[in-house]
Amino acid sequence: MMMMKETLMRAVLLFALLAAVTGVAYPLAVTLIAGAAFPFQAHGSLVTGDDGEVIGSVLIGREFTAPFYFQGRPSATPLAPYNAAHSGGSNLGPTNPILLEQVAERVQALREAGVAGPIPADLVMASGSGLDPHISLDAALVQVPAVAKARGLPEEEVRALVMAEAVGSPFAGTYVNVLSLNRALDRLGGGDA
């Protein structure tokens, strides 16, 4: 009986020690080191405007509805678009009538905004997280004529801006961060922005 009590006490002490190390000490150390070594990333990759106010994150999309801005990938998060507290896809299958209706409405909205030609899927279908801040280069380029017209800028100038903001990846292809692109567009000027 005494042997069993000693074994049980050792197990409880070992459990408490491991819980303290793996549940408190290690996460605290990693958080402190990450905060010191990578402060931008550790604090959410937040983007601030010229006035110092936080306007978004490099990692989470933001809704742009004005015609003089590039539109991002739709968000499927509940309560509000790009709601990081409720990240997730819509779970609607490719033949679901609700999804088909949403896609048709998004295509119609893009057409009304002046987007012509084939519309890339990432402009009408949400990502798995519902938070994607990027669109494909094709999705940005198809919007160039409409955005340039809304801003009163030459298409070539807006297209050059898109190309300057494009980032290539061997895994994800060439894509554009919509917040970064629209900020660069604001610096370029034109229109009612």
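**Close-up views of a predicted model**

**View 1. N83 and what sits around it.** Leaving out residues up to four places away in sequence, N83 touches T77, P78 and L131. This is a predicted model, and here we are looking at the loop between β2 and α3, where N83 is found. With a relative accessibility of 18%, N83 counts as buried, because the cut-off for buried is under 20%. The N83 side chain also has a backbone partner: one of its polar atoms lies 3.1 Å from the backbone nitrogen of A85.

**View 2. Q71 and its backbone partners.** Q71 lies in the loop between β2 and α3. Q71 counts as buried, at 18% relative accessibility. Look for two backbone oxygens around this side chain. The backbone oxygen of Y69 is reached by the Q71 side chain at 3.0 Å, and the backbone oxygen of A66 lies 3.2 Å from a polar atom of that side chain. There is plenty of other company: setting aside neighbours within four places in sequence, Q71 is in contact with F64, T65, A66, L110, L123, I135, Q143 and V178.

**View 3. Y69 and its contact with D186.** Y69 has its place in the loop between β2 (54–57) and α3 (97–112). Y69 is buried, and its relative accessible area is 17%. Its side chain makes a polar contact with the side chain of D186, at 2.8 Å. For a sense of scale, pick out Q102 as well: Y69 and Q102 are 33 residues apart in sequence, and their C-alpha atoms are 21 Å apart in space.

**View 4. The R151–D186 salt bridge.** D186 turns up again here, this time in a salt bridge with R151, where the closest N and O atoms are 2.8 Å apart. R151 belongs to helix α4 and D186 to helix α6, so this pair links distant parts of the chain, 35 residues apart. Are the two partners buried or exposed, or something in between? R151 counts as buried at 3% relative accessibility, whereas D186 is partly exposed, with a relative accessible area of 36%.

**View 5. The other salt bridges.** A search of the whole structure finds 3 salt bridges. One of them joins the side chains of D132 and R73, at 3.7 Å from N to O. D132 lies in the loop between α3 and β3, and R73 in the loop between β2 and α3, so the pair ties together parts that are 59 residues apart in sequence. D132 counts as partly exposed, at 23% relative accessibility. Another salt bridge is formed by E155 and R159, whose closest N and O atoms are 3.7 Å apart. These two are 4 residues apart in helix α5, so about one helical turn separates them. E155 is partly exposed, with a relative accessible area of 33%, and R159 counts as partly exposed at 33% relative accessibility.

**View 6. Inside the largest nonpolar core.** This core has 32 residues, of which F70, L123, V158, V162 and L181 touch the most other members. Which elements give two or more residues to this core? They are α3, α4 (137–151), α5 (155–165) and α6 (178–188). The biggest giver is α4, with 8 residues. To see one member up close, try V158: not counting residues up to four places away in sequence, V158 touches F70, V144, A148, L153 and L185.

**View 7. Helix α6 from start to end.** At the start of α6, a side-chain oxygen of N177 reaches to within 3.1 Å of the backbone nitrogen of L179. Further along, you can pick out the buried residues of this helix: V178, L179, L181, N182, A184 and L185. What covers them includes β1 (46–48), β2, β3 (134–136), α4, α5 and β5 (173–177). Just after α6 comes G189, which takes a positive phi of about 95 degrees.

**View 8. A nonpolar patch on the surface.** For the last close-up we leave the interior. L14, L17, L18 and V21 form a nonpolar patch on the surface, and together they have about 360 Å² of accessible area. V21 has its place in helix α1 (residues 2–37). V21 is partly exposed, at a relative accessible area of 41%.

Note on methods:
Residues numbered from 1 in each chain as written. Predicted model: local features only at pLDDT ≥ 70, side-chain atom pairs only at ≥ 80, totals over all residues. Heavy atoms only, no water. Patch = residues over 30% accessible without salt bridge, like charges linked within 9 Å, V, L, I, M, F, W, Y side chains within 5 Å. Areas by Shrake-Rupley, 256 points an atom, 1.4 Å probe, with all protein chains shown as cover. Salt bridge = Lys/Arg side-chain N within 4 Å of Asp/Glu carboxyl O. Buried < 20%, exposed > 50% of the residue type's maximum accessible area, 1.4 Å probe, protein only. Polar contact = N/O pair within 3.5 Å; in protein donor to acceptor, adjacent residues only side chain to side chain. Core = buried A, V, L, I, M, F, W, Y, C linked by side-chain atoms within 4.5 Å. Contact = heavy atoms within 4.5 Å.
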